[in-house]
Amino acid sequence: MQNAFNARLTAILRFVPFEHAHLNEIMTIDIRTIPEDQCLAIEGEFEGDICSLSANDAARTTGPLTYKAEASLVSEHLLVRGNFLLPFILTCSRCNNDFRHTVRLSEHSLLVSLEKLTLIDLTDALREDIILALPDFPHCDKGDNTQDCPARGKFQTEETFDPLDPKEVEPKDFSSWGPLDKLKLD
Ligand SMILES: [Zn+2]
């Protein structure tokens, strides 16, 4: 039963026309365009969904990837070094408001193995580094726009926690034990 299902799935995948294989979602460099022993300057915007995030993810991309870099060939690898910018909408982990946060990879290097190919896919390497650069706990006061988080300071965290002043702690009132002690004595 399982084998029959797998065979059918393979057949369907094989019949997917090549031009529908999300080519616009892949950022590639044709290494034949890189001059020998030189760098190829690449600059522009990539509109494809490089991060492939789902609608349920706390982060959403909100614009194209802007890049300005140089590509060169280094011992069986494609080296791309430069600046990469991708704007996101993140949800603040304190106040739950959405805010804009641009991931900026500056003077960043991507090294991808050539594997005897001429068209090198940069998407996976770039996606990984961009996702790693996203904050684990997004705070809206650390976004692109300067703003205060409305929920900042509402929760006791290590940064806002005041240790209790021992002088303010009420001394125990032992006098209330008085009648009880008397009772025991009687
Ligand atoms: Zn916030």
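How many bridges join strand 4 to strand 5? Keep that in mind as you look through these close-ups of a predicted model.

**View 1. Strand 4 meets strand 5 (residues 77–91).** The answer is nine bridges, and the two strands run antiparallel. One place to spot the pairing is Thr66, whose bridge partner in strand 5 is Leu85. Together, strand 4 and strand 5 make a hairpin, with two residues sitting between them.

**View 2. The turn of the hairpin, with Ser75 and Glu76.** Ser75, in the turn, has a positive phi of about 35°. Glu76 lies in the loop between strand 4 and strand 5. Its phi is positive too, about 65°, although Glu76 is not a glycine. Is Glu76 buried or exposed? Count the C-beta atoms: Glu76 has 9 others within 10 Å, so it is exposed, as 12 or fewer puts a residue in that class.

**View 3. On to strand 2 (residues 40–46) and strand 4 (residues 65–74).** These two strands pair in the antiparallel sense, over seven bridges. To find your way, start at Leu40: its bridge partner in strand 4 is Ala71.

**View 4. Lys116 in its loop.** Look between strand 6 (98–113) and strand 7 (119–121), and you'll find Lys116 in the loop there. Here's another residue other than glycine with a positive phi, this one near 60°. Lys116 is exposed, because just 6 other C-beta atoms lie within 10 Å.

**View 5. Inside the largest nonpolar core.** This core has 24 residues, and those with the most contacts inside it are Val80, Phe84, Leu86, Leu122, Leu126 and Ile130. Which elements give two or more residues to this core? They are strand 4, strand 5, strand 6 and helix 2. Strand 5 gives the largest share, six residues. Zoom in on Phe84: leaving out residues up to four places away in sequence, Phe84 touches Leu65, Tyr67, Leu105, His108 and Leu126.

**View 6. Arg127 and its partners from elsewhere in the sequence.** Arg127 is found in helix 2 (residues 123–132). Which residues is Arg127 in contact with, leaving aside its neighbours within four places in sequence? They are Ile50 and Cys51. Take Cys51: Arg127 and Cys51 are 76 residues apart in sequence, yet they sit 5.3 Å apart in space, C-alpha to C-alpha. Arg127 has 18 other C-beta atoms within 10 Å, so it counts as partly exposed; being buried would take 20 or more.

Methods: Residues numbered from 1 in each chain as written. Predicted model: local features only at pLDDT ≥ 70, side-chain atom pairs only at ≥ 80, totals over all residues. Helix = DSSP H or I, 4+ residues; strand = E, 2+ residues; numbered from the N terminus. Contact = placed C-beta atoms within 7 Å. Pairing = 2+ DSSP bridges. Core = buried A, V, L, I, M, F, W, Y, C linked by C-beta atoms within 7 Å.
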